[in-house]
Amino acid sequence: MKRILKITLAAVVAISLIAVAGVYALSEMRLSRTYDVAVAGFTVKTTLPAEEAERRARTLMCGGCHHDAGNVLIDEPGIGRIVAPNLTRFVPMYSDAELVRLIRHGVKKDGTGAFIMPASNFANITDDDMAAIIAWMRSLKQLPDAVAGTTQWGPLGRIGLALDKIPFEADLVPAVISPAATRPTDIGEYAFRTDCSHCHNLDTAKQSEAFLAPALKPLAQSYSAADFKTLLRTGKGVGGRDLGVMTQVSQWDFSRFTDVEIEQIQTYLAIRP
């Protein structure tokens, strides 16, 4: 009887080890998948003052995720530790054209896919705003990493990768896109497509991997102009409520919208049919 138990236990251990090795191998295959997206020529030419280039870049959510020198986005033992890299150290490794491919397509220098960065939104960034982003990033003084280490995947994250259940933005963006040349005068719809729609739908709540985001149309209709301005400036809801990710992104980035731009955004969200 003891011999049978030992054999059974050994078989269970062996099967478990094989399963673990299989999950690891499949997850590594998913992480190493490359995308056939060409590095197109892009000339960074902007006449914007440095302050305006930074302002535009920040309204497009660069700081909310990366902060000044890297930031931990997710730190869950089962899922993993997901790190937004230090842009001041990371950007010099890329050419301008490679940065454009990364931002608009979610494809890294080695051809693999970036995780979390909303390239499907950033594919809508106009050429003049893209030039402003790159000019701003090139101007940053190099800083030591604010967080130690890089992205590490936990067992549940590895399983998700092995089963191809972890979303990569590079899967959502066509290989060839045609962004507009210049930022529109009325940025209401533009801001929704480049920023807001990553987390929110217009008419229905949207469940992401981390949180449930409310529908924007009824929210914009229910807020006064003053309260909506406070929302984007501080990330605080009516009554001073902390809104988690929205609070962080607003304080880092959305606070850079001008009063007119905030009015345009609210108007678009509130009246779009």
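**Exercise 1. The second largest pocket**

Task: Determine which residues lie nearest the centre of the second largest pocket in this predicted model, and state how its lining is made up.

Solution.
Step 1. Begin with the residues around the space: 16 residues line the second largest pocket, and Ala38, Ala40, Val100, His105 and Ile177 are those nearest its centre.
Step 2. Add the volume, which is about 250 Å³.
Step 3. Identify the main contributor. Helix α5, covering residues 96-105, supplies the largest share of this lining, namely five residues.
Step 4. Sort the lining of the second largest pocket by class: eleven residues are nonpolar, two are polar and three are charged.

**Exercise 2. The largest cavity**

Task: Find which residues line the largest cavity and which helix gives the most to that lining.

Solution.
Step 1. Establish the count: there is one cavity of 30 Å³ or more. The volume of the largest cavity is about 30 Å³.
Step 2. List the lining of the largest cavity: Thr59, Leu60, Arg183, Ile187, Tyr190, Ala191, Thr194, Asp195 and Phe257.
Step 3. Compare this list with the helices. Helix α9 (residues 188-194) gives the most to the lining, with three residues.
Step 4. Classify the lining of the largest cavity: it holds five nonpolar, two polar and two charged residues.

**Exercise 3. The three-stranded sheet**

Task: State in what order the strands of the open sheet are arranged, and explain why β1 and β3 each have one side without a neighbour.

Solution.
Step 1. Write down the order. The open sheet has three strands, arranged β1-β2-β3, and the pairing is antiparallel.
Step 2. Locate the edges. β1 (71-76) and β3 (152-153) stand at the edges with a single partner strand each, so one side of each has no neighbour in the sheet.
Step 3. Examine the pairing of β1 with β2 (residues 80-84): the two strands run antiparallel and are joined by five bridges.
Step 4. Find residue partners across this pair. Asn71 has Ala84 in β2 as its bridge partner, while Asp75 stands opposite Arg81 in β2.
Step 5. Describe the connection: β1 and β2 form a hairpin, with three residues between them.

**Exercise 4. Two pairs of packed helices**

Task: Decide how α2 is oriented relative to α7, and α11 relative to α12, and name the residues in each contact.

Solution.
Step 1. Recall the two quantities required. Two packed helices are described by the angle between their axes and the distance between the axes.
Step 2. Apply them to the first pair. Helix α2 (residues 50-59) and helix α7 (residues 127-139) pack at an angle of about 105°, and their axes are 8 Å apart. Angles of 65 to 115 degrees count as roughly perpendicular, and α2 is therefore roughly perpendicular to α7.
Step 3. Name the residues in contact: Ala53, Glu54, Arg56, Ala57 and Arg58 of α2 meet Asp128, Asp129, Ala132, Ile133 and Trp136 of α7. By class, this contact of α2 with α7 has five nonpolar, no polar and five charged residues.
Step 4. Turn to the second pair. The axes of helix α11 (residues 225-234) and helix α12 (residues 245-252) cross at roughly 80° and come within 5 Å. Consequently, α11 is roughly perpendicular to α12.
Step 5. Name the residues of this contact: α11 contributes Leu231, Leu232, Arg233 and Thr234, and α12 contributes Met246, Thr247, Ser250 and Gln251. In the contact of α11 with α12, three residues are nonpolar, four are polar and one is charged.

Note on methods:
Residues numbered from 1 in each chain as written. Predicted model: local features only at pLDDT ≥ 70, side-chain atom pairs only at ≥ 80, totals over all residues. Heavy atoms only, no water. Axes fitted to C-alpha atoms, helices over the stretch in contact; angles between N-to-C directions. Helix = DSSP H or I, 4+ residues; strand = E, 2+ residues; numbered from the N terminus. Parallel < 35°, antiparallel > 145°, perpendicular 65-115°, else oblique. Contact = heavy atoms within 4.5 Å. Nonpolar A, V, L, I, M, F, W, Y, C, P; charged D, E, K, R; others polar. 1 Å grid on protein atoms, 1.4 Å probe; cavity = no way out; pocket = protein on both sides within 12 Å on 5 of 7 lines; lining within 4 Å. Points joined across faces, edges and corners; volume = space filled by probe spheres on them. Pairing = 2+ DSSP bridges.
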